[in-house]
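User: Please go through this model with me, taking strand pairing, then the interior, then the surface.

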Amino acid sequence: MSVRELRAEPVTGAVAHHGEGPCWSPSWGGLRWVDMLAGDVLGLGADGRVRRTHVADVVACVRPRTRGGAVLAVERGIALEDPEGAVRPVLELWQDPGVRMNEGGTGPDGCFWAGSMAYDQAEGAARLYRVRPDLTWETVLEGVTVSNGIAWSPDGSRAYYADTPTGRIDVLDPAAPAAPGGRRPFVTPA
């Protein structure tokens, strides 16, 4: 067995002040990511050029929708992009101007999970939300500080979630009735 060497190479110059959340999807033709605090979605074209679209004051995450377009975590809620690129806010989850979205991802069940944080990173001021395709939603976790990283096991039976200041990755049972349950540490700091 041989070990392959991986080498990262830049594909663009510096194009974002706070670039995050790269997501590849053939439905939108490649790679997209956000310049979070600029409120912009960036996309890498086949020609290597970066296109920038302003969508809100803050955009924390962009993920593809099954019928085209995207779902976006914006400052205090959710916006939808239609297949032609028009963006409209559809759901405000809170009104506190001191809290913003910070991360999001789409689960195997089609729900969009999005997590928040306080601008001043106040301990326990944030939440993790689950938004269903019909835009009904629920709070999954309360009392978190900086929601970061949401991903699923290959079979969809587990969700992995990080609250950055804890230094831990937790695992959840996303299919538990009503709200996901069974939150427990998966990786803990040494």
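Analyst: Two strands are taken as paired if DSSP finds at least two bridges between them, and helices (H or I, at least four residues) and strands (E, at least two) are DSSP runs numbered from the N terminus. This is a predicted model, in which local features need pLDDT of at least 70, side-chain atom pairs count only at pLDDT 80 or more, and totals for chains, interfaces and linings use all residues. Residues are numbered from 1 along each chain as its sequence is written, and side-chain values use heavy atoms, with hydrogens and water left out.

User: How many bridges join strand β1 to strand β2?

Analyst: Strand β1 covers residues 19-25 and strand β2 residues 30-35, and the two run antiparallel. Within this pairing, Cys23 stands opposite Arg32 in β2. The number of bridges joining β1 to β2 is five.

User: Which element gives the largest share of the largest nonpolar core?

Analyst: A nonpolar core is a set of buried Ala, Val, Leu, Ile, Met, Phe, Trp, Tyr and Cys residues joined through side-chain atoms within 4.5 Å, where buried means under 20% relative accessible area, exposed over 50% and partly exposed in between (1.4 Å probe, protein chains only). The largest such core has 30 residues, and Leu72, Ile78, Met101 and Phe112 have the most contacts inside it. Elements giving two or more residues to this core include β5 (59-64), β7 (77-81) and β9 (99-106), but the largest share, five residues, comes from β6.

User: Is Val187 buried, partly exposed or exposed?

Analyst: Val187 lies in strand β16, residues 181-187. Because its relative accessibility is 38%, Val187 counts as partly exposed.
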